[in-house]
Amino acid sequence: MSTPTAPPPTRRLLRVEDAATTLGFKRSTAYEEIRRGRLRTVQVGRRRLIPTEYIEEYVELLKRESHAH
């Protein structure tokens with residue numbers, strides 16, 4: 001009889017490269033959106049990471065912009 005295992009924890013901080021993959025575009029596009037202030041990040045040591053809630057905020061921004069046009 002096997003013991004049920006808990007699912008692996010969901011990552012809440014993503015590298016820029018992983019966030020770009022999640023969003024479906026290139027790393028350079030993610031850095032451009034960060035530079036423009038549209039995709040927010042946090043600094044952890046020397047690393048720039050993107051909390052998953054910031055990815056959701058960015059998707060909501062894109063949806064609002066698409067409805068505005």
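User: Let's start small. Where is the place of T41?

Analyst: This is a predicted model, and in it T41 sits in the loop between α2 and β2.

User: Is T41 buried or exposed?

Analyst: Buried means under 20% relative accessible area. T41 has a relative accessible area of 18%, so it counts as buried.

User: Which residues does T41 touch, not counting those up to four places away in sequence?

Analyst: With those neighbours left out, T41 touches I34, R48, L49, I50 and Y54. With R48 there's also a polar contact, side chain to side chain, at 2.5 Å. Y54 has another partner to look at: R40 lies over the face of the Y54 ring, 3.9 Å from the ring centre.

User: Okay, on to the sheet. In what order do the strands come?

Analyst: The general idea is that strands of a sheet pair through backbone hydrogen bonds, either parallel or antiparallel. Here, three strands make an open sheet, ordered β1-β3-β2, and the pairing is antiparallel. The edge strands are β1 (13-15) and β2 (42-44), each pairing on one side only. From one strand to the next, the twist averages 50 degrees.

User: How many bridges link β2 and β3?

Analyst: Three bridges, in the antiparallel sense, with β3 covering residues 47-51. To find one on your screen, look for V44: its bridge partner in β3 is R47.

User: Which strands does helix α3 touch?

Analyst: Helix α3 (residues 52-68) packs on the sheet and touches β1, β2 and β3. Its direction makes about 65 degrees with that of β3. Then there's helix α1 (residues 16-23), which lies across β1 and β3 and runs at about 95 degrees to β1.

User: What about rings? How many aromatic pairs does a search of the whole structure find?

Analyst: One. In general, a pair of aromatic rings is described by the distance of the centres and the angle of the planes. The pair here is F25 and Y58: their ring centres are 6.2 Å apart and their planes meet at 85 degrees, so we call it edge-to-face. The cut-off behind that name is an angle over 60 degrees.

User: Which parts does that pair tie together?

Analyst: F25 is in the loop between α1 and α2 (27-35), while Y58 belongs to helix α3, so the pair ties together parts that are 33 residues apart in sequence.

User: Are F25 and Y58 buried or partly exposed?

Analyst: One of each! F25 has 22% relative accessibility, so it counts as partly exposed. Y58 comes in at 4%, so it counts as buried.

Methods. Residues are numbered from 1 along each chain as its sequence is written. This is a predicted model: local features need pLDDT of at least 70, side-chain atom pairs count only at pLDDT 80 or more; totals for chains, interfaces and linings use all residues. Side-chain values use heavy atoms; hydrogens and water are left out. Two strands pair if DSSP finds at least two bridges between them. Helices (H or I, at least four residues) and strands (E, at least two) are DSSP runs, numbered from the N terminus. Axes are lines fitted to C-alpha atoms, for helices over the stretch in contact, and angles run from 0 to 180 degrees between N-to-C directions. Contact means heavy atoms within 4.5 Å. Rings of Phe, Tyr and Trp (its six-membered ring) pair if their centres lie within 6.5 Å; planes under 30 degrees apart count as stacked, over 60 as edge-to-face and the rest as tilted. Buried means under 20% relative accessible area, exposed over 50%, partly exposed in between (1.4 Å probe, protein chains only). A charge sits over a ring if NZ of Lys or CZ of Arg is within 6 Å of the ring centre and within 35 degrees of the ring normal. A polar contact is a pair of N or O atoms within 3.5 Å; within protein, one must be able to donate a hydrogen and the other to accept it, and residues adjacent in sequence count only if both atoms are side-chain atoms.
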